[in-house]
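Hi everyone, thanks for making room for me today. I'd like to walk you through a structure, so please have a look at the screen.

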Amino acid sequence: MLSDKMAHRDIFGGNEERAVRPKTQMSGAQEKLVTEMENAAPKQEQTEIIQRFAGLGLGIATLLTENVLSHPFIVFRRQCQVNHHAYRYHLQPFSVVQVIVNLQRHQGIATMWKGLGSAFVVQGIGLGSETVISEVSPLAKEIHVYSTIKQLCGHLTLKAISAAITMPFVSASLVEIVQSDIASERPGVFDCIKEGLYRLLGWGVPQTSNLLPMYTLLLPTVLHSLLKYILSSIVQFVLLQVMRRAREAGHPTDRPEGEPLPIPRSVMEEYFPELLAKFAGNLFADALLYPLETVTVRLHLQGTRTIIDNTDHGYGVIPVSTRYEGMLDCWTAIMADEGTSGLYKGFGALLLQYALHATILKVIQVIFTKLAEDFSIGVKKDAPPE
């Protein structure tokens, strides 16, 4: 009776000493299990906090890599894609670096980050249009493995409508990305919106005979956007399923009696598979659809009187002057005048872009794996002796 009262006072009275439990009501295995749970509780809370901060760090690092650090290679490959006069195709990454160095040496380091603000604006318009359309229509913004065929078709329709809405702003952003700094004024952050509206309505843009109307650009733009989304999503889904099954096979859920409680999943097991799957999906889609991307970029910039840097050696400027009638005419003209490799101009810059991305992902993996190992060792040292 006295021991029961002491246990009640220890639990509700705030004593730091552990409550006394009657030996007759609990076996040795049960006492060990309760002790492990009590010691694991604060460690689990600490692990959850570390996981949140690690996830935030991984998200920021990925955002910077995809949109900021990779932008110089995107700028250079876009210039290569529209430079139909170039004799150096830069199919390999080795020739790209020297030209980029020459451009930065003569025009400043900021020249390879031109159009970065407009790229963010286009992404914002795309996300905003998807959100608004999904709210006012039955088209699903997100899908999952249990979605019906009707929901999947509605989701793809939403993506196609969003691509069509952002199309004029994509044209304005491409001009800002490829135009030479020494032959044009640096645009403002929101000039992309103004120029996109002007392009859509036909106001204020150079009315040349080569400028293609928006309806001509609709098919290649929407087709490229949809195919890239579908291909990258399929690759991501397949890789995530493979990695999930491999993880489950390596970490069985059944815990033998007497074995210590499992340590919570590390940061890499929690977040890294999604980053890796997204990286692989984007790489596969960009590489496979590169010829279609080249055709689409050329059609968007035709007739805009844009002057780009000379991508052969990085000195001087050249005008963009093409006379394509549409997507098929552009494809056949490139094949006839520049060969099949003409569709892959600047492909070396794409390889460098994803090589940089892969390097950063590897560095992130090493850092957070080391942190996870150190934390796991700390948990084992603090565990009570058997």
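I'll start with the overall layout, then go through the salt bridges, one helix and a patch on the surface.

One thing to say up front is that this is a predicted model. The protein has twelve helices and two strands. If you trace the elements from the N terminus, you pass ten helices, then the two strands, and then two more helices. Of the 386 residues, 40% are buried. The accessible surface comes to about 21,900 Å², and carbon and sulfur atoms account for 64% of that. Now look at contacts between residues at least 6 apart in sequence: 79% of them join residues at least 24 apart.

Let's move to the charged residues. As a reminder, side chains of opposite charge can pair when their charged atoms come close. How many salt bridges does a search of the whole structure find? The count is seven, and I'd like to show you some of them.

Please find arginine 77, in helix α3, which spans residues 71–82. Is arginine 77 buried or exposed? Its relative accessibility is 3%, so arginine 77 counts as buried. Its side chain meets that of glutamate 293 in a salt bridge, at 3.2 Å from N to O. This pair links distant parts of the chain, since glutamate 293 sits in helix α10, residues 290–301, and the two are 216 residues apart. Glutamate 293 is buried as well.

What else does arginine 77 touch, leaving out residues up to four places away in sequence? Besides Glu293, the list has Tyr290, Lys345, Gly346, Ala349, Leu350 and Gln353. You can also compare the backbone positions: the C-alpha atoms of arginine 77 and threonine 294 are separated by 9.4 Å, although these residues are 217 apart along the chain.

Staying with helix α10, we come to arginine 298. Arginine 298 forms a salt bridge with glutamate 338, and the closest N and O atoms are 2.8 Å apart. Glutamate 338 belongs to helix α11, residues 327–338, and arginine 298 to α10, so this pair ties together parts that are 40 residues apart in sequence. Both arginine 298 and glutamate 338 are buried.

Glutamate 338 has another partner: it forms a salt bridge with lysine 345, again with the closest N and O atoms 2.8 Å apart. Salt bridges that share partners also join Arg77, Arg78 and Glu293 into one network. As for accessibility, glutamate 338 counts as buried at 10%, and lysine 345 is buried with a relative accessible area of 1%.

Next, helix α4, residues 94–107. Which of its residues are buried? They are Val96, Val99, Ile100, Asn102, Leu103 and Gln107. These residues cover an arc of only 160° around the axis, which puts them on the same side of α4. The general background is that an α-helix has 3.6 residues a turn, so residues three or four places apart point the same way. On the other side of α4, Phe94 and Arg105 are exposed. Just after the helix, glycine 108 takes a positive phi of about 95°.

Finally, turn to the surface. Val145, Tyr146, Ile230, Ile234, Phe237, Val238 and Val242 form a nonpolar patch there, with about 710 Å² of accessible area together. Valine 238 is found in helix α8, residues 214–250. At 44% relative accessibility, valine 238 counts as partly exposed.

That's my tour, and I'm happy to go back to any part of it. Thanks for listening!

Conventions. Residues numbered from 1 in each chain as written. Predicted model: local features only at pLDDT ≥ 70, side-chain atom pairs only at ≥ 80, totals over all residues. Heavy atoms only, no water. Buried < 20%, exposed > 50% of the residue type's maximum accessible area, 1.4 Å probe, protein only. Helix = DSSP H or I, 4+ residues; strand = E, 2+ residues; numbered from the N terminus. Arc of directions from axis to C-beta. Patch = residues over 30% accessible without salt bridge, like charges linked within 9 Å, V, L, I, M, F, W, Y side chains within 5 Å. Areas by Shrake-Rupley, 256 points an atom, 1.4 Å probe, with all protein chains shown as cover. Salt bridge = Lys/Arg side-chain N within 4 Å of Asp/Glu carboxyl O. Contact = heavy atoms within 4.5 Å.
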